[in-house]
Amino acid sequence: MQKTALLQQWPPKYDTQYIPDVNEKFWYKDIETASKEELDELVFYKLKKVMEYAFKHSDFYNRKWSKVDFHPNDIKSLKEFDQVPITTKAEVRQDLLENQPFGSNVCIPFSEVHRIQGTSGTTGKPTVFSFGKDDWERIAHQHARIMWSFGMRPSDLVFIASPLSLYIGSWGALIGAERLGAKTFPFGAGQAGQTEKAVSWLKEVKPTVFYGTPSYALYLAEKAKELGVDPKEFGFRILFFSGEPGAGVPSTKKKIEETFGAICIDSGTMAEVTPWMSNTECEHRKGVHLWQDVVYTEVVDQQSKKLVPYGEEGVPVYTPLERTSQPLIRYWSGDLTTWTDEPCPCGRVYPRLPKGIYGRIDDMVTVRGVNVYASLLENVIRKIDGLGEEFVMIVTRDNIMDEVTIQCETLGTRSNQDLKKQISKELKREVGVTFNIDLLPIGTLERTQFKAKRVIDKRNFKES
Ligand SMILES: [Zn+2]
């Protein structure tokens, strides 16, 4: 597919049979290595089309924009796009409550719905999505294209460890791998005793690629070692992740790569933003690339909602460019990141988030006025010798002061006094808050087969 062809057709129709030669570095070289101006032209073309489409077909957007007198024609260039009103999770949830079960943003008749998906409901009531077949095929196609950039090829066998449930991540990984022509093994952990089974399956079947959450990969490695198996024996080449920030946390990435003897790839946006792999690292692992012609990602100022310059911190805001069943325009993540347009050795033109998304709003607590993100703690704890992988942050408030306790596990190789001193010092330096440290014997904290719960907030704000 040439870039020029994409400038004449929306929604795009991709050749469903196309797969590059295995030695090709790029899926669509023409687009991935275009000049910045050429990429901007393509992105703006798609943005215009998706906005016009939403205004015409989505009751949700027509109502929302008409109320503030906004029309897609008001936007004359890509630079002006940050004037478009933000869409928030709260608005979408409210719309779903008022227009059950699918909300007023569905643009296709029910007879054309191909897949119903939902969020895993980590926080609050799950959100429901309905996808048309065209959208579903485009998601598969774009995921395959992005998987290609971190080295997946049709000869690979992909082990899908995350649950095949409401969690959309597993389905995106599955359909992308299938579209790429790889073999898949949809294992879907989550049942009691399944991790022991995974160890024996992996030893026998020898998949080359792993997909799951970072905390599950580390739990799997711990289980394997208990059973006398070195995780390197599984023979993975690539482990790719979404659902948690860990794969972008430097010390966790290093630990995963050393444990499995394979490369660790960070990926993921939000469940609502499908295709979600539009933020994914290439094989060079210099932070996630923003595949701007798939989902246009802005990094914006928290207050003004305008783009921040490269090198600065802001909130990712997402606009999928090819979704016709349920468009989303400028969807507010609430997360935190920094971005750069410095070149990547892979040669792709897409900007990058060099530190990934380090501030997940779901994993954040405000303690004495400081925002504390679990991923910052993770980076500190996984760097310290003598500690296990698990940790929990517990926040309490006795009188008016917040108290934060970090519980982590010791391997018994160093004295507790020595460990406490180092943890306190490094946490104070990196996070800026003083923590109580509670050291527990290895194996005490709960293990997860999916997403780890790192923050327990026991403060009762209603009474205080
Ligand atoms: Zn790259």
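How many helices and strands are there in the protein chain? There are 12 helices and 21 strands, where helices (H or I, at least four residues) and strands (E, at least two) are DSSP runs numbered from the N terminus. This is a predicted model, in which local features need pLDDT of at least 70 and side-chain atom pairs count only at pLDDT 80 or more, while totals for chains, interfaces and linings use all residues. Residues are numbered from 1 along each chain as its sequence is written.

The C-alpha trace of the protein chain spans about 65 × 55 × 45 Å along its principal axes. Of its 464 residues, 44% count as buried, that is, with 20 or more other C-beta atoms (placed from the backbone) within 10 Å of their own.

By an automatic or database domain assignment, the protein chain is divided into two domains, listed here with their bounds and the residues that each gives to the contact between them.

| Domain | Bounds | Residues in the contact |
|---|---|---|
| domain 1 | 1–354 | 23 residues |
| domain 2 | 362–457 | 13 residues |

Two residues are in contact if their C-beta atoms, placed from the backbone, lie within 7 Å. On the side of domain 1 that touches domain 2, the elements giving two or more residues are α8 (194–205), α9 (214–226) and α10 (250–260), and α9 gives the most, with five residues. The C-alpha centres of domain 1 and domain 2 lie 30 Å apart.

The unreviewed UniProt entry carries the annotation "domain: AMP-dependent ligase C-terminal" for residues 369–459; such annotations may be inferred rather than shown by experiment. Over residues 369–459 the chain is 26% helix and 36% strand, with its end C-alpha atoms 14 Å apart.

Conventions: Buried ≥ 20, exposed ≤ 12 C-beta atoms within 10 Å, placed from the backbone.
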